[in-house]
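Biologist: I've got the model open and would like a close look at one part of it. Pick the part, take me through it slowly, and add whatever else helps me find my way around.

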Amino acid sequence: MALLVARYSTKAAPLPIFSYLLFLSITMVCMSKWTLVSISKTMSESEEDQRKSHGSLSSWPHALEKVFPVYAMSIPNPTLESSLHHLDCPDPIWQAVRKEAKLEVEREPILGSSFYASILSHDCLEQALAFILANRLQNHTLLANQLMDIFCNVIKHDKGIQQSIRLDIQAFKHRDPACLSYCSALLYMKGYHSLQVYRVAHALWGQGRKLLASALHSLVTGVFGVDIHPAAKIGDGILVDHGRGVVVGETATIGNRVSLMNGVTLGGTAKETGDRHPKIAEGVLIGAKANLLGNIRIGEYVMIAPGSLVLKEVPPHSIVAGIPAKVIGRIHL
């Protein structure tokens, strides 16, 4: 910000005194609220040792938390995820969803018919999700019952998707403060809905049913404002916060436990063909309206500040910000 002020003051024409004072006051406010702090330079040795030993985000500088949605950073938790890798066992997610739905009906009887139709009348999470997605996306040419048949047929025959929809809803519940419950993610969160329709479209794309996959992709883009190409490759435990404005290109790949804020673009540079989109490793957090362009690799557990423009490879455990983005700190988990 100081550099920005210096450049402005040396290159711009002289300002009237009132405009200059107004600009200076706004600049000082912005600097006080949004200054990025490099961890390696601002933390004492004892604080840094403590952070390394605990692997916690809670000890990070408050200035960093003002810029990064630290709450969305994913930390591996094998104990929390282990039960979801055994689909033949009782389903803890579905049990929690039904329990929450029954409690909500008691609190808000007016929602009783909605909760019954969407959740309580179904036998499993897959069927409930298919019903909800079909009713959100139906139009005059693709009816709800047709869409539900498509979703059910794909999800119920794909063990990978069955696991993904559970790990994703768990990611929303544990990493998005706005997510009140599993029920709220399943019923209302368009980021979750967009992600699950992508998973169905991706399976159809892989089966050679590219026109149907493109039709689902078009529906999601129109209804939710989320543009994820069916050919992109996306892992499990993904958080798409808010969703609107997110763009994921055809050859992009996203690893497990990645968090995408609203308006993120994983796009091409228009100078490349073929494999031309970013490759995101696991545990990465990408802030709102960040643009990552080209066939570049983003290492594990990287944090990218909101509004950044990333054009080059980012090493693992880095914190980057700016236009173009530069490394401003390191993460030790």
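## From the cysteines to the last hairpin

Modeller: Let's warm up with a cysteine: Cys-152 is buried, with a relative accessible area of 16%. Keep in mind that this is a predicted model. Is that cysteine paired up with another? There are zero disulfides in the structure. Cys-152 belongs to none, and the nearest cysteine sulfur, in Cys-124, sits 7.5 Å away. A disulfide needs the two sulfurs within 2.5 Å, so that pair doesn't qualify. Cys-183 tells a similar story, because its closest cysteine sulfur, in Cys-179, is 9.8 Å off, too far for a bond. Cys-183 also counts as buried, at 2% relative accessibility.

While you're around Cys-152, look at helix H10 (residues 144-155), which holds Gln-146. That glutamine is partly exposed, at 36% relative accessibility. Its C-alpha lies 8.0 Å from that of Ala-134, with the two positions 12 residues apart along the chain.

Now for the overall layout. The protein has 14 helices and 15 strands, and 48% of its 333 residues are buried. Take the contacts between residues at least 6 apart in sequence: 48% of them join residues at least 24 apart.

The part I'd zoom in on is the last stretch of strands, and strand E14 (residues 318-321) in particular. Which way do its side chains go? Ser-318 and Val-320 point one way, Ile-319 and Ala-321 point the other way, and all of these are buried. On one side, E14 pairs with strand E12 (residues 303-304) in the parallel sense, over two bridges. There you'll find Ile-304 opposite Val-320. E14 also pairs with strand E15 (residues 326-330), but here the two run antiparallel and four bridges join them. In this pairing Ile-319 has Gly-329 as its bridge partner.

E14 and E15 make a hairpin with four residues between them, and Gly-322 in the turn has a positive phi of about 110 degrees. The loop has another feature to look at: the peptide bond from Ile-323 to Pro-324 is cis, with omega near -5 degrees. Pro-324 sits in that loop between E14 and E15. Go back to just before E14 and you reach His-317, in the loop between E13 and E14. Its phi is near 60 degrees, a positive value in a residue that isn't glycine. His-317 is partly exposed, with 24% relative accessible area.

Where does the hairpin fit? It belongs to an open sheet of six strands, ordered E3-E6-E9-E12-E14-E15, with mixed pairing. Strand E3 (239-240) and E15 are the edges; each has a single partner strand, so one side of each has no neighbour in the sheet. Further in, strand E9 (residues 285-286) pairs with E12 in the parallel sense through two bridges. Leu-285 has Met-303 as its bridge partner there. After E9, the loop leading to strand E10 (291-293) carries Lys-289. Like His-317, Lys-289 has a phi near 60 degrees, and Lys-289 counts as exposed at 54% relative accessibility.

E10 takes us to another sheet, an open one of five strands with parallel pairing, in the order E1-E4-E7-E10-E13. Strand E1 (227-228) and strand E13 (309-310) are its edges, each pairing on one side only. E1 pairs in the parallel sense with strand E4 (residues 247-248), over two bridges, and Asp-227 stands opposite Val-247.

One last stop is an enclosed space. Searching the whole structure turns up one cavity of 30 Å³ or more, and the largest cavity holds about 60 Å³ of space. Its lining includes Ile-228, along with Ser-194, Tyr-198, His-217 and Pro-230. Helix H13 (190-206) and helix H14 (210-224) each supply at least two of the lining residues, with H13 giving the largest share, four. By class, the lining comes out as eight nonpolar, two polar and no charged residues.

Notes
Residues are numbered from 1 along each chain as its sequence is written. This is a predicted model: local features need pLDDT of at least 70, side-chain atom pairs count only at pLDDT 80 or more; totals for chains, interfaces and linings use all residues. Side-chain values use heavy atoms; hydrogens and water are left out. Buried means under 20% relative accessible area, exposed over 50%, partly exposed in between (1.4 Å probe, protein chains only). On a 1 Å grid over the protein atoms alone, a cavity is a set of points where a 1.4 Å probe fits but cannot get out, and a pocket is an open set with protein on both sides within 12 Å along at least five of seven lines; lining residues have an atom within 4 Å of a point. Grid points are joined across faces, edges and corners, and a volume is the space filled by probe spheres set on the points. Ala, Val, Leu, Ile, Met, Phe, Trp, Tyr, Cys and Pro count as nonpolar, Asp, Glu, Lys and Arg as charged, and the others, Gly among them, as polar. Two strands pair if DSSP finds at least two bridges between them. Contact means heavy atoms within 4.5 Å.
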